[in-house]
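Work through the exercises below with the sequence and the coordinates open side by side. Each task is followed by a solution that goes step by step.

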Amino acid sequence: MGLFTQSVEVECTPAGQPLRVHWQGREYRLAAEPVRWFERRKWWAEDVRAERARGAGMVDHEIWRLQVRLVGRGPLQTLELSHHVETGRWRLILVGDAALRQSA
């Protein structure tokens, strides 16, 4: 596994569930049901502090684990993405070994 923090483009269902990921000029499609959870961000260690009276999303990160396959071919790969709900921005944070070898 490799840790990253790289912006990626994600196409989602109307309900907000990822369908496709565009990374390094390649398109990956979901091959299994995605898994979502929330993690506490290290707000105490960041330069930008949460504003007083701000609600959900200021403390937690939405994380998705996706099983994807390169369109048209390729083995099943695992990606973990962080989604910033307020801005709609997606960041790739973890990549399985097979995806790392293909991107090299």
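**Exercise 1: Strand pairing around β5**

Task: Establish which strands pair with β5 (residues 60-70), starting from strand β3 (residues 26-30), and find residues that stand opposite each other.

Solution. Strands β3 and β5 run antiparallel and are joined by three bridges. Within this pairing, arginine 29 has arginine 69 of β5 as its bridge partner. The next step is strand β4 (residues 35-40), which also pairs with β5 in the antiparallel sense, here over six bridges. In that ladder, arginine 36 is matched with tryptophan 64 of β5. Finally, strand β6 (residues 77-84) and β5 pair in the antiparallel sense over seven bridges, with glutamate 62 standing opposite histidine 83 of β6. The hairpin formed by β5 and β6 has six residues between its strands, and in this hairpin glycine 72 takes a positive phi near 90°.

**Exercise 2: Confidence of the model**

Task: The model is predicted; determine how confidence is distributed over the chain and which elements have the lowest and the highest mean pLDDT.

Solution. Begin with the chain as a whole, for which the mean pLDDT is 81, while 71% of the residues reach 70 or more. Then turn to the individual elements, among which helix α1 (residues 97-103) has the lowest mean, 52, and strand β2 (residues 18-23) the highest, 96.

**Exercise 3: Salt bridges and their surroundings**

Task: Find how many salt bridges the structure holds, then describe the partners of arginine 20 and of glutamate 62.

Solution. The structure holds five salt bridges. As background, side chains of opposite charge can pair when their charged atoms come close. Taking arginine 20 as the starting point, its side chain meets that of glutamate 11 at 3.2 Å, N to O, and also that of glutamate 27 at 3.6 Å, N to O. The accessibility of each partner can then be classified: arginine 20, at 25% relative accessibility, is partly exposed, glutamate 11 is partly exposed at 29%, and glutamate 27 is partly exposed at 24%.

The second step concerns glutamate 62 and arginine 36, which form a salt bridge whose closest N and O atoms are 2.8 Å apart. Because glutamate 62 lies in strand β5 and arginine 36 in strand β4, this pair ties together parts that are 26 residues apart in sequence. Glutamate 62 has a relative accessibility of 7% and therefore counts as buried, the limit being under 20%, whereas arginine 36 is partly exposed, with a relative accessible area of 47%. As a last step, follow the shared partners: salt bridges of this kind join Glu11, Arg20, Glu27 and Arg29 into one network.

**Exercise 4: The largest nonpolar core**

Task: Identify which residues of the largest nonpolar core touch the most other members, and which elements give two or more residues to this core.

Solution. The core has 14 residues, and those that touch the most other members are Val8, Val21, Trp23, Leu81 and Leu92. Assigning the core to elements, one finds that β1 (2-12), β2, β5, β6 and β7 (89-95) each give two or more residues, and that the largest share, four residues, comes from β5. To look at one member in detail, take valine 8 and set aside its neighbours within four places in sequence: valine 8 is then in contact with Val21, His22, Trp23, Leu81, Trp90, Arg91 and Leu92.

How values were computed:
Residues numbered from 1 in each chain as written. Predicted model: local features only at pLDDT ≥ 70, side-chain atom pairs only at ≥ 80, totals over all residues. Heavy atoms only, no water. Pairing = 2+ DSSP bridges. pLDDT = per-residue confidence, 0-100. Salt bridge = Lys/Arg side-chain N within 4 Å of Asp/Glu carboxyl O. Buried < 20%, exposed > 50% of the residue type's maximum accessible area, 1.4 Å probe, protein only. Core = buried A, V, L, I, M, F, W, Y, C linked by side-chain atoms within 4.5 Å. Contact = heavy atoms within 4.5 Å.
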